[in-house]
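Biologist: Please take one part of this model and go through it closely. I would like a single connected account, starting with one residue and working outwards.

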Amino acid sequence: MYAPPGASSPPEESTASLLPLYENEPGKKGGYRILVVEDNDDLRGYISGLFREHFETFTASDGVEGFEAAKEIQPDIILSDVMMPGMDGKELCGKVKNSPQTAHIFRIC
C-alpha cells in the first residue's frame, strides 16, 4: 500500500479471520436450507444454482407453492421475487411472518 512521504505507516492488516456463512467445507453441503421462490424458470434455476454447491436448495414457482414449501421444509432463508402470479412476494413474506410455523425464517423479498 502506498503512503506519501511523512505519513505514518498504514495499520497492519488484521490476522483475525471472519467466520464463514456456513459451517461446512467448500464443496460439501451444510445444514442450511435456502428456498428460492421465483416464477421465471431460468432465473429460478440460476439463483438456486448460485447456492447449490454449499447449501441445500429448494425452489418454488410462485408464492402459494413457496408458502407450502416453507411450512414443509422449514428453510433457514427464503429468497423471493416480488411480482408473481397467484401470491406475490410481499404477500408471501406477510404470510411467512404471521404464521407460527414459519415466523422464525429469515426472508429476503
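Modeller: Leucine 43 has a relative accessible area of 38%. Partly exposed covers values between the buried limit of under 20% and the exposed limit of over 50%, so at 38% leucine 43 counts as partly exposed. The model is a predicted one, and the values here are computed from it.

Leucine 43 belongs to helix 1, which covers residues 41-52. On the surface, Leu43 joins Tyr46 and Leu50 in a nonpolar patch. Together these three residues have about 310 Å² of accessible area.

The helix itself can be checked for length. Helix 1 has 12 residues, and at 1.5 Å a residue these should span 16 Å. The expected span uses one less than the number of residues. The end C-alpha atoms of helix 1 are 16 Å apart, so the model agrees with the expected span.

At the N-terminal end, helix 1 is capped by asparagine 40. A side-chain oxygen of asparagine 40 lies 3.0 Å from the backbone nitrogen of aspartate 42.

Now the rest of the protein. There are 3 helices and 4 strands, and along the sequence they follow the pattern β-α-β-α-β-α-β. Of the contacts with a separation of 6 or more, 59% are between residues 24 or more positions apart.

The protein has 109 residues, and buried residues make up 29% of them. The protein exposes about 7,600 Å², of which carbon and sulfur atoms supply 54%.

Notes. Residues are numbered from 1 along each chain as its sequence is written. This is a predicted model: local features need pLDDT of at least 70, side-chain atom pairs count only at pLDDT 80 or more; totals for chains, interfaces and linings use all residues. Side-chain values use heavy atoms; hydrogens and water are left out. Patches are made of residues with over 30% relative accessible area and no salt bridge: like charges are joined within 9 Å, nonpolar side chains (Val, Leu, Ile, Met, Phe, Trp, Tyr) within 5 Å. Accessible areas come from the Shrake-Rupley method with a 1.4 Å probe; for residues, only the protein chains shown count as cover. A salt bridge is a side-chain nitrogen of Lys or Arg within 4 Å of a carboxyl oxygen of Asp or Glu. Helices (H or I, at least four residues) and strands (E, at least two) are DSSP runs, numbered from the N terminus. Buried means under 20% relative accessible area, exposed over 50%, partly exposed in between (1.4 Å probe, protein chains only). Contact means heavy atoms within 4.5 Å. A polar contact is a pair of N or O atoms within 3.5 Å; within protein, one must be able to donate a hydrogen and the other to accept it, and residues adjacent in sequence count only if both atoms are side-chain atoms.
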